[in-house]
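This briefing introduces one structure to a reader who has not met it before. It turns to the surroundings of the ligand and then to the packing of helices.

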Amino acid sequence: MKFFLDTANIDHIKQIYELGLLDGVTTNPSLIAKTGKPFKVVFQEICNLVKGPVSLEVVSTESAKMIEEAHKLVEFGSNVVVKIPMTLEGLKAVKILAEEGIKTNVTLCFSPLQALMAAKAKATYISPFIGRLDDYAHDGMELVREIKTIYDNYGFETEIIVASIRHPLHILDAALLGADIATVPFDVFNKISLHPLTEKGLDQFLQDWKKVPAEKA
Ligand code: G3P
């Protein structure tokens, strides 16, 4: 499974990038707003740093305007994926951009039929929002399961990005279901590799090592 970072914070991207485990980045208008910087500066910084796909979102709501925006967004780098909202206007834009060879990520997906529509429009990626469904007592991961089944049934090539991740269990469940990608917030990323028994065990090994006699010269 590929790991994307769901952030527009360049320092956070640098930290995770240094681990060598980062496959891409997703952003959205809310994440860009949090940086407090002009969007063009943020887009360029991220695209220059990250080698893998970087999702940058349009803010127009009509397909023609979305396409115009998409043409500007892809100028930030050859790795840009244009993020488009899951609306009929959005799907129109996705279809045309696919014909132009521009990659898209259909965002704000909350139902399996939306995901089916996005795949038929030839979206490169679909982003089901898991945590936001869980917030309303709907099982977000069930949505991923249904999308995976539909895509497998018909051999769609659209990749599933599990988004709106809130905790490591979401990542585990996504991996068990065979989702292609998890886009993970920085704080959750830092928890993935942690286990108290690993820390306890390492501490014990290091303490015991001190008891081993040093070799005589
Ligand atoms: O970037 C899209 C998605 O991951 C947003 O997550 O936490 O705002 O529901 P969240």
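A residue is taken to be near a molecule if one of its heavy atoms lies within 4 Å of it. The model described here is a predicted one. On that footing, the residues around the ligand are Asp6, Asn28, Lys83, Phe129, Arg132, Ala163, Ser164 and Arg166.

**Ligand surroundings**

- Asn28 is one of the residues around the ligand, and a polar atom of the asparagine 28 side chain lies 3.0 Å from a ligand oxygen atom.
- Arg132 also belongs to these surroundings; an N or O atom in the side chain of arginine 132 is 2.7 Å from an oxygen atom of the ligand.
- For serine 164, an N or O atom of the side chain is 2.7 Å from an oxygen atom of the ligand.

**Helices α1 and α3**

- Helix α1 spans residues 10-18 and helix α3 spans residues 39-49; they pack at an angle of about 10°, and their axes are 10 Å apart.
- Angles under 35 degrees count as roughly parallel, and α1 and α3 are therefore roughly parallel to each other.
- On the α1 side the contact is made by Ile10, Ile13, Lys14 and Tyr17, and on the α3 side by Glu45, Ile46 and Leu49.
- The contact of α1 with α3 comprises five nonpolar residues, two charged residues and no polar ones.

**Helices α6 and α8**

- Helix α6 (residues 112-120) packs with helix α8 (residues 140-154) at an angle of about 40°, the axes being 9 Å apart.
- The two helices α6 and α8 are therefore oblique to each other.
- The crossing of α6 and α8 is right-handed.
- Pro112, Ala115, Leu116 and Ala119 of α6 make this contact with Leu143, Glu146, Ile147, Ile150 and Tyr151 of α8.
- By class, the residues of the contact of α6 with α8 are eight nonpolar, no polar and one charged.

**Helices α8 and α9**

- Helix α8 also packs with helix α9 (residues 168-177), at an angle of about 20° and with axes 10 Å apart.
- That angle makes α8 roughly parallel to α9.
- The crossing of α8 and α9 is right-handed.
- From α8, Met141, Val144, Arg145 and Lys148 meet His170, Asp173, Ala174 and Leu177 of α9.
- The contact of α8 with α9 divides into four nonpolar, one polar and three charged residues.

Conventions: Residues are numbered from 1 along each chain as its sequence is written. This is a predicted model: local features need pLDDT of at least 70, side-chain atom pairs count only at pLDDT 80 or more; totals for chains, interfaces and linings use all residues. Side-chain values use heavy atoms; hydrogens and water are left out. Axes are lines fitted to C-alpha atoms, for helices over the stretch in contact, and angles run from 0 to 180 degrees between N-to-C directions. Helices (H or I, at least four residues) and strands (E, at least two) are DSSP runs, numbered from the N terminus. Angles under 35 degrees count as roughly parallel, over 145 as roughly antiparallel, 65 to 115 as roughly perpendicular and the rest as oblique. A crossing is left-handed if the near helix is turned anticlockwise from the far one by less than a right angle, and right-handed if clockwise. Contact means heavy atoms within 4.5 Å. Ala, Val, Leu, Ile, Met, Phe, Trp, Tyr, Cys and Pro count as nonpolar, Asp, Glu, Lys and Arg as charged, and the others, Gly among them, as polar. A polar contact is a pair of N or O atoms within 3.5 Å; within protein, one must be able to donate a hydrogen and the other to accept it, and residues adjacent in sequence count only if both atoms are side-chain atoms.
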